[in-house]
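Here are some notes for a colleague who will read the fold alongside the coordinates. They are arranged as numbered points, taken sheet by sheet and then helix by helix.

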Amino acid sequence: MARKELMNKQKKFGQYFTPQRIALALVDQLNNPITKVIEFGAGDGALARAVYERFPNSNYIGIEVDNELYTSLSTTLESKQKLIKANAFHEHILTKYSELSAADTIIGNPPFITTIVTNEIKDTILDVFPSFDCANMESIAAEMYFLCASIRRLKQGGQGSFILPISFLISPKYSGFRHDLISNFSSIIVTQLPVKTFSNAEVACCILSFCRSRERRQKIELAIADLNGSIIDKIEIHKRHAVKRMDYSYFKFLKDLNSVNSTPVGTIRSLNVEVNRGSASKRKLIDSNLEYFHTTSFPENSRAISLGFNEVSSFRHARTGDILIPRVGTRCLDRQVLVAEGQKAFTDCIFKISAEEKDLDIILRSLSSKSGKAWRINNAQGKCAKFLSKSSLLDMPLFID
Ligand SMILES: C[S@@+](CC[C@H](N)C(=O)[O-])C[C@H]1O[C@@H](n2cnc3c(N)ncnc32)[C@H](O)[C@@H]1O
């Protein structure tokens, strides 16, 4: 197959295969014996091999939509392992396979792609996570559907372990999902994986493992693993905090904050501020022949800059006394600068904070403190390119280091 064709297929089906050591780490989260394990999206069999290595007597049933992967994996499976060629979204066809039910274990690294929301998809998701607000969504993360379609095939008391985007655990969009997860599932562990886990894509993801039963225990374990899948550190949080977020980085950050001398004294929101992103893309500003401020314009070390007195047309622009910070970017989110003089249009990758003069110093000192930088990095969302939401920025504590 030509390289371009292969890349298109990879993108279309989200074919990013789990490194074997991470597949083993995922299976090692399963504490109970396995009689029957189901996997949607078997790929090249990384999880099937890991299951066989740890539980050689288990029955494995995988499904895979891609003809070539199906053919090559079928020839390498062990005798108690079976592969079905089918589309995970075709529930009406899957129900014809009686073996695709009543599993005691479900596993997966679903494709990280978006899909149009059909009634069938909506019903499947709401059946498992009724508080997940997807009623008005036109498209949805396929990972959520794969997770729910698998859970529907899991017996009460059964166990699951999945690679999922970290956004499921931190984004306000998924708070309903988290609510139902902590209410109806037990032994929940979220293990954050390094962004370079997959060789051909940088993604912020985690392993979520759980049992399908309620529990009295009010704690959730949050861990962080290295590229070998070995756990480097773990902490426990109370379930009442987990609807807001349930990722290691954030809670570790808060824990460290409590143990150093950083005292939060309110939030940016508590001041009289206005926060706006740029009104035009970089491309649009280039096409308009205007000088512009972008994420690449931040100075390395200086606290303030002069923007020069530029034409700004009708675009949103920064002026003397404004503070600029990056809104988007993986490597520059910890920057900030005060406009000492001048005016310039800025791109939609930038936030402008306009505040009263008396508050400029505390805002700037907080943004440039270690804790302030860590806050923004820990609150950045997005599977690949990271972005900071306006509400996360407004919620940033003002620190006196
Ligand atoms: C992220 S890969 C993971 C593969 C394998 N489970 C692993 O961990 O390496 C997702 C897999 O799901 C398959 N897939 C994508 N869409 C599918 C669908 N609608 N039905 C079944 N499998 C699908 C892809 O072809 C791919 O093999």
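1. A definition is needed before the pairings below can be read: two strands are said to pair if DSSP finds at least two bridges between them. The model under review is a predicted one, and every statement that follows should be taken as a description of that prediction.

2. Nine strands make up an open sheet with mixed pairing, and their order across the sheet is S3-S2-S1-S4-S7-S9-S8-S10-S11. Its edges are strand S3 (81–85) and strand S11 (231–238), each of which pairs on one side only. With direction ignored, neighbouring strands of this sheet are turned against each other by 15 degrees on average.

3. Within that order, strand S8 (residues 186–192) and strand S9 (residues 205–211) run antiparallel and are joined by 5 bridges. One of the residue pairs can be named, since Ser 186 has Cys 211 in S9 as its bridge partner.

4. Two helices can be placed relative to the strands. Helix H2 (residues 20–28) lies across strand S4 (103–108), strand S7 (154–165), S9 and strand S10 (219–225), and runs at about 150 degrees to S7. Helix H4 (residues 67–74), in turn, lies across strand S2 (59–64) and S3, running at about 160 degrees to S3.

5. Helix H3 (residues 46–54) holds a run of buried residues, namely Leu 47, Ala 48, Arg 49, Ala 50 and Val 51. What do the buried residues of H3 pack against? Their packing partners are H2, strand S1 (36–40), S2, S3 and S4.

6. In helix H9 (residues 175–184), the buried residues are Phe 177, Arg 178, Leu 181 and Ile 182. Viewed down the axis of H9, these buried residues fall within an arc of 120 degrees, and they therefore line one face of the helix. The elements they pack against are helix H8 (167–170), S8, S10 and helix H10 (239–242).

7. Strand S18 (residues 337–346) deserves a point of its own. Strand S14 (residues 292–293) pairs with S18 in the parallel sense over 2 bridges, with Tyr 292 standing opposite Ala 345. Strand S15 (residues 304–309) is also parallel to S18, over 4 bridges, and there Phe 309 has Gln 343 as its bridge partner.

8. The antiparallel partners of S18 include strand S16 (residues 317–319), which is paired over 3 bridges, and in this pairing His 317 stands opposite Ala 345. Strand S17 (residues 323–326) likewise runs antiparallel to S18, the two being joined by 2 bridges, and the bridge partner of Ile 323 in S18 is Leu 338.

9. The loop between S15 and S16 contains Phe 315. Is Phe 315 buried, exposed or partly exposed? A residue counts as buried if 20 or more other C-beta atoms lie within 10 Å of its own, and as exposed if 12 or fewer do; Phe 315 has 19 within 10 Å, so this residue is partly exposed.

10. Phe 315 is 36 residues from Ser 279 in sequence, yet the C-alpha atoms of the two are 6.0 Å apart in space. Leaving aside residues up to four places away in sequence, Phe 315 touches Ser 279, Ala 280, Leu 285, Leu 290 and Ala 345. Ala 345 has thus appeared three times in these points: opposite Tyr 292, opposite His 317 and in contact with Phe 315.

Conventions
Residues are numbered from 1 along each chain as its sequence is written. This is a predicted model: local features need pLDDT of at least 70, side-chain atom pairs count only at pLDDT 80 or more; totals for chains, interfaces and linings use all residues. Axes are lines fitted to C-alpha atoms, for helices over the stretch in contact, and angles run from 0 to 180 degrees between N-to-C directions. Two residues are in contact if their C-beta atoms, placed from the backbone, lie within 7 Å. The arc is that of the directions from the helix axis to the C-beta atoms.
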